[in-house]
Amino acid sequence: MARIDFHSHVSDKLQYCCRLSRKILASSHPQGLPRTIVITGSEQDLKGLDDLLWTFSKTDFLPHAWLHQEGAHETPILLVHRLSELENQVLAHQDVLIYLHPEAPQDLDTLLERFPRWIEVVTTQENELKAGRERFKGYRALGHELHHFDQSKAAA
């Protein structure tokens, strides 16, 4: 069964996503495979994240590419605006999905078959918190394993 993590009250979604990606890539995969991450969100968020992944740390390199760029299949982090772009794609990226969209995804169960680890990043903005709560309740009603990490408590 897939695991869905909600990271809420995040003050800077893109910085947080960089730190989270670095942590995931440094961790061990349960079957010893290389870690792979797909990050999906608005075009604006992904463009900002694309720039930030190059510069956010002086000591860490977070290799990444847009789904349709040359060499994307060999890159551990893929940026994907619409999850529908993943349909009919043969990718090694079937490990972790970081979800930055405010609306619930279509075909969640199909996506969770592909990505056993699903991470939602929710900012401190009231509209995002409300949308995140609705997704959380919806996923719980479907019987998914949910974990909540409140970042307002981590900053205290």
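Asp45 sits in helix 2, which spans residues 43-55; helices here are DSSP runs of H or I with at least four residues, strands are runs of E with at least two, and both are numbered from the N terminus. With a relative accessible area of 15%, Asp45 is buried. Buried means under 20% relative accessible area, exposed means over 50%, and partly exposed lies in between, using a 1.4 Å probe and protein chains only. From Asp45 to Phe149 the C-alpha distance is 21 Å, with their positions 104 residues apart in sequence.

Before going on, a word on the model: it is predicted, so local features need pLDDT of at least 70 and side-chain atom pairs count only at pLDDT 80 or more, while totals for chains, interfaces and linings use all residues. Residues are numbered from 1 along each chain as its sequence is written, and side-chain values use heavy atoms, with hydrogens and water left out.

Now to the partner of Asp45. Asp45 forms a salt bridge with Lys13, and their closest N and O atoms are 2.9 Å apart. A salt bridge here is a side-chain nitrogen of Lys or Arg within 4 Å of a carboxyl oxygen of Asp or Glu. Because Lys13 belongs to helix 1 (residues 13-26) and Asp45 to helix 2, this pair ties together parts that are 32 residues apart in sequence. Lys13 is buried, as is Asp45.

Helix 1 takes part in another pairing as well. Arg22 and Asp60 meet through their side chains in a salt bridge. Arg22 is in helix 1 and Asp60 is in the loop between helix 2 and strand 3 (64-66), so parts that are 38 residues apart in sequence are tied together. Arg22 is partly exposed at 29% relative accessible area, and Asp60 is partly exposed at 30%. Arg22 also lies 9.7 Å from Leu53, C-alpha to C-alpha, although 31 residues separate them in sequence. Leu53 is another residue of helix 2, and at 2% relative accessibility Leu53 counts as buried.

A third pair stays inside helix 2: Glu43 and Lys47 are four residues apart, about one turn of the helix. Glu43 is partly exposed at 41% relative accessibility, and Lys47 is partly exposed at 47%.

Here are these three pairs together:

| Salt bridge | N to O distance |
|---|---|
| Asp45 and Lys13 | 2.9 Å |
| Arg22 and Asp60 | 2.9 Å |
| Glu43 and Lys47 | 3.5 Å |

By this rule the count comes to nine salt bridges.

Elsewhere, Glu87, Asp107, Asp109 and Glu113 form a negative surface patch. Patch residues have over 30% relative accessible area and no salt bridge, with like charges joined within 9 Å and nonpolar side chains (Val, Leu, Ile, Met, Phe, Trp, Tyr) within 5 Å. One of the patch members, Asp109, lies in helix 3 (residues 108-114) and is partly exposed at 44% relative accessible area.

Finally, the whole chain. There are five helices and seven strands, and the order along the sequence reads β-α-β-α-β-β-β-α-β-α-β-α. The radius of gyration is 15 Å, close to the 15 Å from the globule rule for 156 residues, so the chain is as compact as a globular protein of that length. That radius is taken over C-alpha atoms, and the rule is 2.2 Å times the number of residues to the power 0.38. Along the principal axes, the C-alpha atoms fill a box of roughly 40 × 35 × 30 Å. Of the 156 residues, 49% count as buried.

Note on methods:
Areas by Shrake-Rupley, 256 points an atom, 1.4 Å probe, with all protein chains shown as cover. Lys, Arg positive; Asp, Glu negative; His and termini not counted. Charge placed at Lys NZ, Arg CZ, Asp CG, Glu CD.
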